[in-house]
Amino acid sequence: MGLSASAPWLRYYGNTPVSLDYPQETMYQLVADTAKKYPKTPAYVFYGKETSYASFMRRIDAAAKGLIHMGIRKGDKVTICMANTPQALDCFYALNRIGAIPNMIHPLSAAKEIAFYLNFSKSKAILTLDQFYYKVAEILPELENPCTILIAKIADELPFPLSALYPLTKGARAVKKLPKEGYTLWYDMVTAGKNEVLPPDDGNCRECAAILYSGGTTGTTKGIMLSNMNFNALGLQTIAASGFGSIAGMKMLSVMPVFHGFGLGIGIHTALIGGATCILVPQFSVKTYAEVLVKEKPNLIPGVPTLFEALLRAENLEGVDLSFLKGIFSGGDSLSPELKKKVDAFLHEHGCSEQIREGYGTTECVTASCLTPKDYARAGSIGVPFPDTYYKIVTPGTVDEVGPNIEGEICVSGPTVMLGYMDNLKETRQALRRHYDNRIWLHTGDLGHMDQDGFVYFRQRIKRMIITSGYNVYPSQLENIIDGHEKVLLSCVIGVKDPYRVQRVKAYVVPMPGVEPTEELKQEILDYCSHRIAKYAMPRELEFRTELPKTLVGKVAYRVLEEEANAAQEQQP
């Protein structure tokens with residue numbers, strides 16, 4: 001399109017190229033290209049144990065031979081139900097090498113959910129950790145197709161002496177002893193395939209390369225089919241938009257889970273095609289946050305807002321120099337301007353000259369498709385579109401574009417847009433629509449607007465709206481205001497069923513560390529809100545919590561709070 005009225009954001013690109021070249025390669029091939037350039041650079045670090053790019057490629061090929069030996073072929077689905085471990089990465093790229101398709105799910109999924117994912121994807125095998133074996137084994141009778149259970153063990157990848165001490169840890173002692181049969185150990189599978197010959201490396205970059213899951217635009221679970229090109233384009237765009245030119249030799253804190261688009265697409269694949277090192281963190285906790293930062297000194301941290309909220313609560317960071325942080329990227333959920341201010345101030349106090357750069361995306365585009373330019377942040381904005389990516393705002397339910405600063409549905413077009421929802425043509429047609437310009441646009445189901453310069457502003461999911469006394473109330477807007485109070489760390493606003501108002505507004509608040517949740521504080525926050533929030537939108541209730549429930553990827557689980565509050569409402573006489 002060029003620099004025109006349809007892409008005004010290009011003026012703010014700085015040194016980011018307007019368009020990129022996208023190799024017609026698979027994910028495996030692009031990582032292999034990187035390995036040839038940086039064979040001795042660590043591809044990933046796991047509890048201090050480094051694996052070079054050259055060694056990583058050998059591991060991938062060995063795993064690919066093992067998968068071939070056990071009968072996995074091109075087009076077959078294999079479910080990866082893993083934390084961020086070396087085996088998860090080896091398996092993901094090994095499947096890509098032989099043209100099979102990884103089906104990515106969370107290891108903490110309930111047994112019935114795992115059965116659903118295995119049946120839905122028709123998976124021929126599932127890779128999971130030993131502590132989850134019995135959860136998977138119990139649903140085998142419910143499966144519609146035979147499925148091999150592959151078991152990986154954390155201890156197999158730990159460096160000495162951690163590997164020797166691991167059996168004594170609380171986590172290891174909690175793992176129930178495996179039976180003698182009913183599964184195949186990952187290590188044994190790899191060993192069994194050593195004499196296999198890999199098929200020709202002739203994968204198609206346009207073919208489905210992975211399945212991720214999302215509620216989509218209607219809230220029901222959908223399998224999102226993503227191609228090699230989707231992932232490769234995302235990685236190349238992210239590196240370009242970061243403003244670094246190259247991330248080779250940098251260290252990425254890969255703490256976002258590998259089953260999620262953000263964790264897999266940015267935390268893993270972007271790092272690996274850019275010659276960076278992934279610091280694999282299989283289980284995140286506030287307690288170990290400071291330890292990981294101080295020990296590993298990552299340069300890049302991609303994460304959801306709760307990851308940065310946890311930074312404010314992390315212990316043992318007093319006086320710690322965080323100047324090694326060069327890129328801090330927030331996405332996956334709405335980052336309130338007030339939380340951003342608090343985290344930016346914290347970073348500044350600890351010697352970091354960078355600020356959080358907010359982005360936006362959906363799993364239907366792998367993850368991010370928009371990022372705040374390095375030198376052009378605007379308050380409340382999620383940034384500008386990636387290279388070769390276009391945004392427009394349309395009247396909800398239509399393909400009619402609205403003007404600058406007018407709210408509507410966010411639509412995205414570009415090389416990261418998904419192939420479609422697996423076995424769901426109806427939902428695919430609703431999400432992917434051809435507009436008057438003859439381009440295919442993803443309808444995100446998110447509300448927002450774009451200013452005259454092309455900076456995008458996210459409001460919230462279209463469905464996440466409270467209607468009270470006939471007025472539309474946007475929870476994220478209220479959360480931004482409540483988070484602005486100096487004694488508030490985090491808030492979540494929901495609608496509770498009300499016989500008079502249809503819904504009434506309720507706020508859950510987590511006070512800042514060291515602040516007592518008293519009635520006086522409650523009144524102070526409500527008084528603060530009354531000067532900033534319209535009377536009809538004011539919270540009718542305010543409840544303090546020490547923590548807010550989180551989804552599997554670390555977003556605030558507002559639906560859990562909604563269900564809890566509405567259930568309590570129904571029990572009242």
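A search of the whole structure, a predicted model, turns up four cavities of 30 Å³ or more (a cavity is a set of points on a 1 Å grid over the protein atoms alone where a 1.4 Å probe fits but cannot get out). The largest holds about 80 Å³ of space, volume being the space filled by probe spheres set on the points. In this predicted model, local features need pLDDT of at least 70 and side-chain atom pairs count only at pLDDT 80 or more, while totals for chains, interfaces and linings use all residues. Residues are numbered from 1 along each chain as its sequence is written, and side-chain values use heavy atoms, without hydrogens and water.

The lining of the largest cavity (residues with an atom within 4 Å of a point) includes Thr238, Phe244, Ile266 and Thr270. Seven of the lining residues are nonpolar, three are polar and none is charged. Helix α9 (228–242) gives the most, with three residues, and α10 also supplies at least two.

Helix α10 itself spans residues 261–273, yet its end C-alpha atoms are only 16 Å apart, short of the 18 Å that a straight helix would reach at 1.5 Å a residue. Because 13 of its 13 residues are buried (under 20% relative accessible area, 1.4 Å probe, protein chains only), α10 is largely enclosed by the rest of the structure. Just after α10, Gly275 takes a positive phi of about 80°.

Leu272 is in contact (heavy atoms within 4.5 Å) with residues including Val31, Phe56, Tyr93 and Cys278, leaving aside neighbours within four places in sequence.

Note on methods. Helices (H or I, at least four residues) and strands (E, at least two) are DSSP runs, numbered from the N terminus. The expected span of a helix is 1.5 Å times one less than its number of residues. Buried means under 20% relative accessible area, exposed over 50%, partly exposed in between (1.4 Å probe, protein chains only). On a 1 Å grid over the protein atoms alone, a cavity is a set of points where a 1.4 Å probe fits but cannot get out, and a pocket is an open set with protein on both sides within 12 Å along at least five of seven lines; lining residues have an atom within 4 Å of a point. Ala, Val, Leu, Ile, Met, Phe, Trp, Tyr, Cys and Pro count as nonpolar, Asp, Glu, Lys and Arg as charged, and the others, Gly among them, as polar.
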